[in-house]
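Biologist: Could you take me through the strands of this structure, with a close look at how the sheets are put together and at any unusual backbone spots along the way? I'd love one connected account.

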Amino acid sequence: MKKGKNVTIGERCDIADSVVIMDDVTIGNDVIIHEYVVIYPHTIIKDGVEIYDHCVLSKEPKAPGCNSRAINTNLGDTIIGENCILSPGCVVYHSVEIGNNTLLGDYCSIREECKVGSYCLVSRNVSVNYNTVIGNHTKILDNTHITGDMKIGNKVFISALVSTTNDNTIGRKEDSVDHIGGPVIEDYASIGAGANILPNVTVGYNSIVGAGAVVTKDVPSGMVVMGMPARVVREVD
């Protein structure tokens, strides 16, 4: 194990020899860290966490001048809550907070300034973009993209291959980001496989978006929508 300055490691931890821990990292008790994990500065890992091979924590966001959004370099700690599991290849950026008992699946990515609640599942190859908030007991299945500036409530279910976007200009107004706004998905909503949720749309409380639907406007609470574009077909049972 390669260890930097101001590193605190709790009791009964099992950390592989190939792990790199940089400065200013705090690791709680009963933590297991597998091979080739890299932990960058200002990371707090709480008790009972297991981190599998090739994960990267507190990665600093950088861009070589190719993106229109300014990168925030004044970031805080990355916090991994108690009893979380980070599967192989996860990348968690700087200033991310993960609640307790949450599972991050293989090769998922959580960008900077995101918050993920407790008892969540963020499954394989899911990408969660910057400044997004995800509530408790929410499940996001394989190969789904959660766009930047989204708000997702509690006990939300998002199926596989769902796409969300936050820019209705499709990148044609890169000189300004004032028009960018992620969707809002309220508590208990369910999103079917392959659905597309467009910018600034609200999917209401306890509503259902059918598989493959293209959601271009707000979905009322307690309603089922289907189609391209999505239309209300009935109330939720």
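**The sheets and their backbone details**

Modeller: Happy to! An open sheet of 12 strands runs in the order β3-β6-β9-β12-β15-β18-β21-β24-β27-β30-β32-β33, and its pairing is mixed. The edges of this sheet are β3 (14-15) and β33 (231-235); each has a single partner strand, so one side of each is left without a neighbour in the sheet. Please keep in mind that this is a predicted model.

Within that order, let's pause at β6 and β9. Strand β6 (residues 32-33) runs parallel to strand β9 (residues 50-51), and two bridges join them. If you want a residue to click on, try isoleucine 33, whose bridge partner in β9 is isoleucine 51.

At the other end of the order, have a look at the loop between β32 (223-226) and β33, where proline 229 has its place. The peptide bond joining methionine 228 and proline 229 is cis, with omega about -5°. As background, most peptide bonds are trans, and most residues other than glycine have a negative phi.

Now to the other sheet. This open sheet is formed by 10 strands in the order β2-β5-β8-β11-β14-β17-β20-β23-β26-β29, with parallel pairing. Here β2 (7-9) and β29 (202-203) stand at the edges, and because each has a single partner strand, one side of each is left without a neighbour in the sheet. In general, the strands of a sheet pair through backbone hydrogen bonds.

For a close-up here, take strand β17 (residues 115-116), which pairs with β20 in the parallel sense over two bridges. Valine 116 has isoleucine 134 as its bridge partner in β20.

Just before β20 (133-134) there is a loop that starts after β19 (127-128), and asparagine 131 sits in that loop. Its backbone deserves a look: phi of asparagine 131 is near 55°, a positive value in a residue other than glycine. With a relative accessibility of 38%, asparagine 131 counts as partly exposed.

Serine 58 makes a nice companion to that residue. Phi of serine 58 is near 60°, again a positive value in a residue other than glycine. The setting of serine 58 is a strand, β10 (residues 56-59). Serine 58 counts as buried because its relative accessibility is 1%, and the cut-off for buried is under 20%. So, for your tour of the backbone, the places to stop are serine 58 with its positive phi, asparagine 131 with its positive phi, and the cis bond between methionine 228 and proline 229.

Methods. Residues are numbered from 1 along each chain as its sequence is written. This is a predicted model: local features need pLDDT of at least 70, side-chain atom pairs count only at pLDDT 80 or more; totals for chains, interfaces and linings use all residues. Side-chain values use heavy atoms; hydrogens and water are left out. Two strands pair if DSSP finds at least two bridges between them. Helices (H or I, at least four residues) and strands (E, at least two) are DSSP runs, numbered from the N terminus. Buried means under 20% relative accessible area, exposed over 50%, partly exposed in between (1.4 Å probe, protein chains only).
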